[in-house]
Amino acid sequence: MNYPNLQQAFVISSSRRFVTLYQDSGATLQAKTSAKTLEIAVGDKVKFEVRDEDNFITEIESRKNQLTRGYRGELKIMAANLDCILIMTAVGSSFNPLFVDKVLTFAYCHDIPAILVVNKIDQGLEQTVNHV
């Protein structure tokens, strides 16, 4: 389709058919998807137009990467165009090395820099090391 007055923005939150967009000017606004087939994720660069005082997303620009997860046998896009993945965890019984390994492996395979932050290091590093 040809949309003559398209504007560009980034998706900063998404909920069903409604999304919050951020424009380079600093403005935020609400928008709807113009088609149910558009699978929009936080971080997407989109084009939208104003129709009858509502903003409608008409297209998604190509993604440089995306974070996905399986849901009921399908891959769902959680986020797109990631510059970095930040993994924040605490030591102790809540530390989950399998989760950390999965996220670090995903980041490596998709060429996304990852940062691991370990919090509460003063509260039981020895227990965590023995636990792992």
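## Exercises on a predicted fold

The protein has two helices and nine strands, where helices (H or I, at least four residues) and strands (E, at least two) are DSSP runs numbered from the N terminus. We're working with a predicted model, so to speak with filters on: local features need pLDDT of at least 70, side-chain atom pairs need 80 or more, and totals for chains, interfaces and linings use all residues. Residues count from 1 along each chain as its sequence is written, and side-chain values use heavy atoms, with hydrogens and water left out.

**Exercise 1.** Work out the order of the elements along the sequence.

*Solution.* Start at the N terminus and read β-β-β-β-β-β-β-β, then go on with α-β-α.

**Exercise 2.** Find what share of the residues is buried, and what share of the contacts is far apart in sequence.

*Solution.* Step one: buried means under 20% relative accessible area, exposed over 50%, partly exposed in between (1.4 Å probe, protein chains only). That gives 31% of the 132 residues as buried. Step two: take contacts (heavy atoms within 4.5 Å). Among those with a separation of 6 or more, 48% join residues 24 or more positions apart.

**Exercise 3.** Count the disulfides and check the exposure of Cys84 and Cys109.

*Solution.* Look for cysteine sulfur atoms within 2.5 Å of each other; the count is zero. Next, Cys84 comes out partly exposed at 33% relative accessible area, while Cys109 is exposed at 57%.

**Exercise 4.** Identify which ring Arg51 lies over.

*Solution.* The test wants NZ of Lys or CZ of Arg within 6 Å of the ring centre and within 35 degrees of the ring normal. Arg51 sits over the face of Phe56, 4.5 Å from the ring centre.
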